[in-house]
Amino acid sequence: MAKLLTALYALVVNNFLSILAVAFAAAVLQRGWPFSIDGVAIWLHAQRPVHLLTAAILIAAVANLLRARWPRDVYLVEYGCFRPRPCFRAPFATCREHVHLLPYLLDDKESLSFAIRLLERSGLGEETCVPDSYHYMPPDRSLAAAREETELVIFSAIDDVFAKAVAMTPADIDVLIVNCSIFTPTPVFTDMVINRYKLRAGVRALNLSGMGCGAGLIAIGLARNLLQVAPPGTHVLVVSTEILSSQYYVGSERAMLLPNCLFRMGAAATILSNAPERARFRLGRIVRTMTAARDADYRCIFQEEDDKGIRGVRLSKDLTATAGGALKRNIVAFGPLVLPVSEQILVALSLLKRKLHSKVVRLYRPDFRTAFEHFCIHAGGRAVIDEVQRGLGLSDEDVEASRMTLHRFGNTSSSLVMYELAYTEAKGRMRKGDRVWMISFGAGFECSCVALECVRPAADPADGPWADCIHRYPVQLPHL
Ligand SMILES: CC(C)(COP(=O)(O)OP(=O)(O)OC[C@H]1O[C@@H](n2cnc3c(N)ncnc32)[C@H](O)[C@@H]1OP(=O)(O)O)[C@@H](O)C(=O)NCCC(=O)NCCSC(=O)CC(=O)O
């Protein structure tokens with residue numbers, strides 16, 4: 001009964017304007033339309049032609065002006081992901097053997113057992129992949145190795161997206177955005193892509209670095225902003241990756257060993273456009289929250305040298321709480337833009353109740369499943385997914401794409417959310433009209449939320465990074 005009442009409440013409140021319009025139309029029809037076509041014709045006839053012409057020109061000019069100022073709709077035309085070959089696999093046995101052979105960990109038994117424990121409890125499976133350089137002993141952290149990894153992951157992802165977007169070629173790209181946080185070579189990634197694919201001389205190229213795992217959605221937000229004011233038919237290629245070779249930490253500090261355990265190779269390439277032709281998703285609201293003004297948040301993910309002068313990325317123990325806080329702040333802006341009115345009224349009522357009664361009244365947690373069918377949550381680590389699931393009150397099915405992506409691919413940084421989208425599609429769950437919520441976190445600290453609406457499901461959903469393993473997923477994860 002309560003379920004039925006809730007559904008009825010949502011139906012009435014969310015369709016209030018339509019119900020009002022139908023009631024008004026019915027009332028008008030019952031009373032009779034006050035104007036007749038003859039009456040309007042006589043009135044028009046009585047006006048001076050020059051006045052009618054001026055009015056028509058004015059109306060057309062205002063409409064044109066409004067249309068030009070109205071931001072264009074932006075679409076995700078296609079996306080592709082790097083699918084690592086099995087030779088890059090890093091199963092536990094190999095990782096365990098490697099950490100036992102690392103000279104700097106050999107003397108530090110505590111750090112050694114910590115690294116192994118984290119590997120086992122990380123939520124990563126047996127098939128995640130690391131670059132060739134990690135298979136060397138000691139790991140090859142040279143520029144040449146990083147460049148080799150870059151070319152492999154980026155070019156594979158771009159090849160994949162153009163293989164899917166059959167009607168498009170690299171020559172159709174007007175703007176190129178590449179993001180990678182830790183490694184920035186010269187010439188930069190965008191030049192690498194322009195050189196390889198011989199992009200047009202007039203292509204606009206932007207490179208984002210140092211922005212952590214959140215940079216993929218930041219790049220998509222930037223592409224959206226550009227496309228909203230660009231001439232119709234403009235195409236942007238966004239490439240998101242993190243290059244691991246140069247950032248392997250060879251020290252023994254726990255907080256800096258963690259990235260070695262969590263990060264794995266990956267890349268995604270996404271084509272966006274302001275033309276609806278051939279589009280697969282329509283971009284909805286995008287909200288980015290930065291909390292770098294808070295010292296603790298700013299230092300939460302920090303590249304620095306340890307006390308022995310060895311460079312690495314330090315991940316704070318408070319990272320999950322920081323992510324939860326940043327998401328909360330983001331939702332204050334994002335929620336009202338995406339939630340149905342019925343949920344917003346419930347939030348407003350609980351706020352009012354809290355104000356009137358006491359601070360102990362719990363605020364109503366909106367049900368985001370009324371606004372989205374699918375969730376792609378940055379799978380930064382098992383604890384990050386736990387925190388978001390708990391905070392948003394999501395079910396295990398809602399976070400399945402994130403947990404399975406962490407299991408199969410590890411933390412691939414800024415490309416993760418595209419692997420998660422690919423999971424949902426590979427499972428055949430994406431339907432026309434379905435809404436997707438992408439959430440990413442990154443150094444800064446940053447939290448970005450992007451809403452997507454599916455306009456055309458994939459022609460071949462199994463064709464993607466999950467092609468060779470989707471039949472084995474979801475897998476049962478151990479209870480830790
Ligand atoms: C690492 C974990 C899988 C471990 O989970 P566990 O279930 O084992 O439990 P746990 O959290 O109690 O941690 C186990 C042990 O690790 C220690 N520990 C955990 N996190 C630590 C950290 N950052 N630094 C130092 N030690 C740490 C704990 O103190 C504890 O030690 P003891 O047992 O001795 O008390 C989880 O904590 C996790 O997912 N954390 C989040 C990982 C993360 O930061 N991801 C974001 C990556 S950055 C990113 O994605 C964005 C970006 O780069 O921009």
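How far does a polar side-chain atom of N411 lie from an oxygen atom of the ligand? In this predicted model, the separation is 3.0 Å, and the legends below place that contact in its surroundings.

**View 1. Polar contacts between the ligand and G380, R382 and N411.** The side chain of N411 places a polar atom 3.0 Å from an oxygen atom of the ligand, while a polar side-chain atom of R382 is found 2.4 Å from a ligand oxygen atom. At G380 the contact is made by the backbone, with a polar atom 3.0 Å from a nitrogen atom of the ligand. Of the 1000 Å² that the ligand exposes when taken alone, the protein buries 77%.

**View 2. The shell of 26 residues around the ligand.** Within this shell, the residues that come nearest are R121, C213, L315, H378 and R382; the last of these, R382, also supplies the side-chain atom that lies 2.4 Å from a ligand oxygen atom. By residue class, the shell comprises 13 nonpolar, eight polar and five charged residues. At least two shell residues are supplied by each of the helices α7 (109-121), α11 (254-262) and α15 (382-392), and likewise by the strand β10 (435-442).

**View 3. The largest pocket, whose space is taken by the ligand.** This pocket holds about 1100 Å³ of space and has a lining of 40 residues, among which L258, L262, L315, S316 and L319 lie nearest the centre. L315 is thus named both here and among the residues that come nearest to the ligand. The lining divides into 19 nonpolar, 15 polar and six charged residues. Contributions of at least two residues each come from α7, α11, β7 (301-305), β8 (311-315), α13 (319-338), α15 and β10.

**View 4. The second largest pocket, with about 750 Å³ of space.** Its lining consists of 24 residues, and those closest to the centre of the pocket are K328, I331, Y364, R365 and P366. The helices α13, α14 (341-356) and α15 each provide at least two lining residues, with the largest share, seven residues, coming from α13. In terms of residue class, the lining of the second largest pocket is made up of 13 nonpolar, four polar and seven charged residues.

**View 5. Helices α13 and α15 beside the two pockets.** Each of these helices supplies at least two residues to the lining of the largest pocket and at least two to the lining of the second largest pocket. Helix α15 also supplies at least two residues of the shell around the ligand.

Notes: Residues numbered from 1 in each chain as written. Predicted model: local features only at pLDDT ≥ 70, side-chain atom pairs only at ≥ 80, totals over all residues. Heavy atoms only, no water. Near = heavy atom within 4 Å. Polar contact = N/O pair within 3.5 Å; in protein donor to acceptor, adjacent residues only side chain to side chain. Areas by Shrake-Rupley, 256 points an atom, 1.4 Å probe, with all protein chains shown as cover. 1 Å grid on protein atoms, 1.4 Å probe; cavity = no way out; pocket = protein on both sides within 12 Å on 5 of 7 lines; lining within 4 Å. Sits in = over half its atoms within 2 Å of the grid points. Helix = DSSP H or I, 4+ residues; strand = E, 2+ residues; numbered from the N terminus. Nonpolar A, V, L, I, M, F, W, Y, C, P; charged D, E, K, R; others polar. Points joined across faces, edges and corners; volume = space filled by probe spheres on them.
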